[in-house]
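Work through the following exercises with the coordinates open. Each task is followed by a solution in steps.

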Amino acid sequence: MVAYVDGDVEAFEILYGRHKSRVLGFLLAKLRDRDEAEDVFQTTFAKLHLGRHKYRQDIPFLPWLFTITRNALVDHIRKKGAHDRYITVSEEVVDAYAAPVSAAAPIQAAFSELATLNESQRQALELRFNQGLSFAEIAKQMQTTAGNSRQIISRAVRKLRSLMIKKEQRDEKI
């Protein structure tokens with residue numbers, strides 16, 4: 001690794017040849033999907049290449065490599081988990097969202113739940129969904145950052161969703 005840090009490309013080829021099967025085997029065992037494992041494998045060696053100048057000689061190479069591998073795996077799982085959590089491919093769910101609202105009761109229930117939100121959450125939701133403002137525009141009006149406005153809205157939507165689900169569950173029991 002020291003030779004690779006100093007610019008010896010052949011040293012990388014030796015490291016790669018020596019450790020590729022161990023890294024790929026680890027990823028296959030964790031992900032159980034060859035395509036995903038190969039994606040994370042490529043990411044691992046790309047990160048190794050980009051971070052080669054951060055390598056310290058007092059740290060053994062293999063634990064350092066597997067730290068990079070584990071971090072790439074965690075990033076991949078987080079990204080995949082977020083995708084699976086927020087992207088729906090079920091036609092039933094899509095149809096449910098696309099179906100027209102036939103009764104005013106669910107809308108009234110949603111309005112009553114809005115009262116449980118704090119003022120900044122209600123204001124952010126109003127700006128986002130009624131006025132159609134971007135997160136940056138909301139941030140400017142609320143005198144905060146775009147990231148914070150996104151977080152306020154996200155928390156408000158999660159809270160409303162949770163309250164609506166609880167209300168539906170109570171109604172089903174009755």
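## Exercise 1: Helix α7

Q121 is placed in helix α7, where helices (H or I, at least four residues) and strands (E, at least two) are DSSP runs numbered from the N terminus. The model is a predicted one, in which local features need pLDDT of at least 70, side-chain atom pairs count only at pLDDT 80 or more, and totals for chains, interfaces and linings use all residues. Residues are numbered from 1 along each chain as its sequence is written, and side-chain values use heavy atoms, with hydrogens and water left out.

Task: determine whether Q121 is buried or exposed, and which residues it is in contact with.

Step 1. Buried means under 20% relative accessible area, exposed over 50%, and partly exposed in between (1.4 Å probe, protein chains only). Q121 has 10% relative accessibility, so it counts as buried.

Step 2. Contact means heavy atoms within 4.5 Å. With neighbours within four places in sequence left aside, Q121 is in contact with I152, R155 and A156.

Task: find which residues of α7 are buried and how they are arranged around the axis.

Step 1. The buried residues here are Q121, A124, L125 and L127. Viewed down the axis of α7, they fall within an arc of 165 degrees, so they line one face of the helix. The arc is taken over the directions from the helix axis to the C-beta atoms.

Step 2. E119 and N130 are exposed residues on the face of α7 turned away from its buried side.

Step 3. The twelve residues of α7 reach 16 Å from first C-alpha to last, close to the 16 Å expected at 1.5 Å a residue. The expected span is 1.5 Å times one less than the number of residues.

## Exercise 2: From α7 to α8

Task: describe the loop between α7 and α8, and then the buried residues of α8.

Step 1. Just after α7, G132 has a positive phi of about 70 degrees.

Step 2. L133 lies in the loop between α7 (119-130) and α8. Its relative accessibility is 15%, so L133 counts as buried. Not counting residues up to four places away in sequence, L133 touches L127, R128, I138 and Q141.

Step 3. In α8, F135, I138, A139 and M142 are buried. Seen down the axis of α8, these residues stay within an arc of 100 degrees, so they line one face of the helix.

Step 4. The charged end of R128 sits over the ring of F135, 4.1 Å from its centre. The criterion is NZ of Lys or CZ of Arg within 6 Å of the ring centre and within 35 degrees of the ring normal.

## Exercise 3: Two positive phi values

Task: state where R32 and Q143 lie, and whether each is buried or exposed.

Step 1. R32 belongs to the loop between α2 (9-31) and α3 (34-50). Its phi is near 55 degrees, positive in a residue other than glycine. R32 has 73% relative accessibility and therefore counts as exposed.

Step 2. Q143 is in the loop between α8 (135-142) and α9 (146-173). Phi of Q143 is positive, about 55 degrees, although the residue is not a glycine. At 76% relative accessibility, Q143 counts as exposed.

## Exercise 4: Helix α3 and the aromatic cluster

Task: check the span of α3, find its buried side, and list the aromatic cluster that includes F41 and F45.

Step 1. The 17 residues of α3 should span 24 Å at 1.5 Å a residue, and the end C-alpha atoms are 24 Å apart, which agrees.

Step 2. E36, A37, V40, F41, T44, F45 and L48 are the buried residues of α3. They cover an arc of only 165 degrees around the axis, which puts them on the same side of α3. D35, Q42 and L50 are exposed on the face turned away from that buried side.

Step 3. Y4, F12, Y16, F41 and F45 form one aromatic cluster. Rings of Phe, Tyr and Trp (its six-membered ring) pair if their centres lie within 6.5 Å; planes under 30 degrees apart count as stacked, over 60 as edge-to-face and the rest as tilted. This rule gives ten aromatic pairs.

Step 4. R52 lies over the face of Y4, 5.6 Å from the ring centre.
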